[in-house]
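Good morning, and thank you for making time for this presentation. I would ask you to keep the sequence and the structure in view while I speak.

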Amino acid sequence: MKIKIPSLLLLMTLIGLVQAAGSTPKSTPPPLPPAQSSSSTSGASPTKSSTTTSTATTTKTTIAAPTPTLTVPDACGGKLRQRKAFSTLTDAEKKAYSDGVWAMKKSGEWDAFTVKHRSGMKWHMTTQFLPMHRAMLTEFEAELLKVAPTLSGLPFWDEFADSSNPLKSKVFGNPGLAAMVAGPLGTPFAGLKDDSNQLVARDPWSSGSGLFTWIPQGQVMAAALTAYKTFGEMSHAIELTPHNVYHGLVGGHMGDPSISPADPLFYLHHAYIDALWAGWQGSAAAHTTDLTVPGTSSGDVQVLATAGTVLYEKQYTNTDMLYYRQRLCYEYVFPATLSPAQRAMRAMKALKDVDVLTGSNTKTDASQQQQQQSASVFTTVTMTATGSTTNDGNKETMAMEMTTTTTTLVANNNNNNNNNNNNTDSTPFRAVDPVPISILKQMMPQGDEMMMTMRVNECAVALNAAAKHLNDQVAEAVANEGVPATVAVAQVVDMHDVHVEARAYFATQVKDDYRDSAIPAVQQQAALVATSQGSGAGQGAAGGAVAMLSGAAVAALLL
């Protein structure tokens with residue numbers, strides 16, 4: 001049975017129900033297999049404002065992000081760059097980005113970044129991937145703002161807002177990032193060439209509906225992301241999805257890491273990947289300064305807090321990469337809250353995604369038809385992966401078992417609940433397929449196919465565990481609390497909520513002790529702190545937090 005998408009009247013009713021239920025989302029990440037305990041690698045120990053409780057097997061997080069009272073880090077000299085979604089920019093700001101690209105191309109800076117990225121290809125599919133790209137984005141942003149000073153920071157592509165049809169995103173066009181069509185880029189980047197003098201081009205995938213079954217919904221990604229216990233686990237996961245996935249979907253230059261930075265979309269894509277890391281950092285106090293790498297799979301390279309960041313060993317340490325707001329001087333800006341109408345539309349979008357996939361293929365025998373008169377049946381696919389490694393450690397095998405689990409959502413026992421429940425005969429949060437190996441081989445032609453297969457299966461397992469957890473959560477709300485299914489879906493945390501919480505957390509709770517830095521301004525700040533503490537002129541707080549210095553002292557450092 002196909003999902004019945006609400007009518008306009010029903011949407012208005014749904015908005016009222018969501019508003020009555022409250023606009024703060026409620027969610028708990030799914031239980032995952034026990035992982036090595038993470039440890040704070042550097043700096044002060046922040047305390048998390050959101051309610052977090054942990055057991056040996058589960059971590060529960062309730063996200064309730066306040067509007068942050070923003071403070072500007074001392075080491076940034078009173079300036080904080082704000083990275084905003086490209087879709088929220090004015091036409092003038094979008095044009096400023098394209099004009100900046102052309103200015104950097106003319107100066108040679110544009111091609112220089114492609115060359116630098118090419119020299120770092122060996123760090124892809126390793127745990128050095130995220131720090132290296134965070135450093136590169138910081139350098140690129142500084143150069144961009146020199147030629148596009150009206151921008152508040154490097155824009156990003158809000159990819160999970162577009163996950164149901166990413167290649168039809170409104171970011172593509174003019175003004176924008178050029179139309180998403182096969183062939184050389186169009187306006188405003190028509191004629192743009194790479195460092196080999198070849199026209200920059202795209203070769204997008206086609207899925208018919210526009211929905212790619214290996215891209216998770218934003219709610220599922222949020223649940224999976226915040227459940228990862230260590231930096232290493234999280235890094236491997238998001239490098240696959242959405243990083244490699246979106247590179248492969250766009251294709252052309254974006255599909256080849258040796259030339260991908262030639263496409264102006266590259267930097268907006270990587271800014272969002274960086275935002276995912278920032279979101280994970282802000283989701284739990286244990287994540288904020290964590291660089292733990294389990295060391296149990298290929299690509300697990302230890303990321304030492306005091307070591308120089310690869311490609312940028314003289315400019316930054318990995319500790320500098322952790323304090324992105326306090327030392328690198330930027331933050332990601334999302335609307336502080338979503339209105340009930342926006343949450344209602346988000347729930348409808350989640351249900352529509354499943355409608356596109358299920359069509360009329362749902363089995364409906366006589367017993368199911370009887371059951372559907374009083375309940376919504378949510379069916380999801382869960383995946384179990386097992387792996388083994390040979391003695392030489394070079395070959396890994398992976399077997400996958402697909403099972404189907406059905407959860408019945410018991411509707412309210414009255415005759416007036418049909419409009420509220422929508423008789424939704426499918427999962428609100430769909431399972432994902434493993435990322436096609438062809439995408440990964442396109443991105444990493446020299447990569448170990450066995451290792452890549454293992455990674456994509458592990459990632460799919462985690463995402464589908466998250467989807468099942470959220471479907472169970474919605475089912476429980478419907479059965480035990482009498483909440484209409486669509487309202488329950490609207491209340492689930494998505495990536496927007498994670499980003500908002502992370503921004504508030506870093507702005508109000510994370511304090512930097514300025515240790516282990518290669519940035520001159522941070523080193524000088526640390527020296528001033530040490531001097532003031534030694535002379536009694538300043539007073540450091542317990543736990544590594546430091547006294548805030550005056551604006552005059554900061555200004556003196558930057559002269």
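Please look at Cys76 and Cys329, which form a disulfide with their sulfur atoms 2.0 Å apart. Cys76 sits in the loop between strand 2 and strand 3, and Cys329 sits in the loop between helix 8 and strand 8, so that this pair links distant parts of the chain, 253 residues apart. I should say at once that we are looking at a predicted model. The structure holds one disulfide.

What is the handedness of this disulfide? The torsion about the S-S bond of Cys76 and Cys329 is about -95°, and the disulfide is therefore left-handed.

Both cysteines of the pair, Cys76 and Cys329, are buried. For Cys329 the relative accessible area is 10%, below the 20% limit for a buried residue. Cys329 also has a backbone feature to note: its phi is positive, about 70°, although the residue is not a glycine. One further cysteine, Cys459, has a relative accessible area of 7% and is therefore buried.

A second residue with positive phi is Leu311, where the value is near 75°, again in a residue other than glycine. Leu311 belongs to the loop between strand 6 and strand 7. Is Leu311 buried, partly exposed or exposed? Its relative accessibility is 22%, and Leu311 therefore counts as partly exposed, since the range for that class runs from 20% to 50%.

Let me now step back to the protein as a whole. The protein has 17 helices and 10 strands. Of its 559 residues, 55% are buried. Among the contacts with a separation of 6 or more, 79% are between residues 24 or more positions apart.

I turn next to the packing of helices. In general, two packed helices are described by the angle between their axes and the distance between the axes.

Consider helix 3, residues 109-119, and its partner helix 4, residues 129-147. Helix 3 and helix 4 pack at an angle of about 175°, with their axes 11 Å apart. Because an angle over 145 degrees counts as roughly antiparallel, helix 3 and helix 4 are described as roughly antiparallel to each other. From helix 3, the residues Glu109, Trp110, Phe113, Lys116 and His117 meet His133, Met136, Glu139, Phe140 and Glu143 of helix 4. By class, this contact of helix 3 with helix 4 has four nonpolar, two polar and four charged residues.

One residue of that contact deserves a closer look. His117 lies in helix 3 and is buried, with a relative accessible area of 1%. Which residues does His117 touch, leaving aside its neighbours within four places in sequence? His117 is in contact with His124, His133, Met136, Pro257, Ser260, Pro261 and Phe266.

Helix 4 has another partner, helix 6, residues 231-250. Here the angle is about 65°, and the axes are 9 Å apart. That makes helix 4 roughly perpendicular to helix 6. On the helix 4 side the residues are Phe129, Leu130 and Pro131, and they meet Phe231, Met234, Ser235, Ile238, Glu239 and His243 in helix 6. The residues of the contact between helix 4 and helix 6 divide into six nonpolar, two polar and one charged.

Helix 6 also contains Pro242. A cis peptide bond joins Thr241 and Pro242, with omega about 15°. The peptide bond from Asn174 to Pro175 is cis too, with omega near 0°. Pro175 is placed in the loop between helix 4 and strand 4.

Helix 7, residues 265-281, is mostly covered, with 17 of its 17 residues buried. Does its length agree or disagree with what is expected for a helix of 17 residues? At 1.5 Å a residue, helix 7 should span 24 Å; its end C-alpha atoms are 25 Å apart, which agrees.

My last example is Gln217, in the loop between strand 5 and helix 5. With a relative accessibility of 1%, Gln217 counts as buried. The C-alpha atoms of Gln217 and Ser164 are separated by 7.4 Å, while the two residues are 53 residues apart along the chain.

To close, I return to the starting point: the disulfide of Cys76 and Cys329, which joins two loops 253 residues apart. Thank you for your attention.

Conventions. Residues numbered from 1 in each chain as written. Predicted model: local features only at pLDDT ≥ 70, side-chain atom pairs only at ≥ 80, totals over all residues. Heavy atoms only, no water. Disulfide = S-S within 2.5 Å. Helix = DSSP H or I, 4+ residues; strand = E, 2+ residues; numbered from the N terminus. Buried < 20%, exposed > 50% of the residue type's maximum accessible area, 1.4 Å probe, protein only. Axes fitted to C-alpha atoms, helices over the stretch in contact; angles between N-to-C directions. Parallel < 35°, antiparallel > 145°, perpendicular 65-115°, else oblique. Contact = heavy atoms within 4.5 Å. Nonpolar A, V, L, I, M, F, W, Y, C, P; charged D, E, K, R; others polar. Expected span 1.5 Å × (residues − 1).
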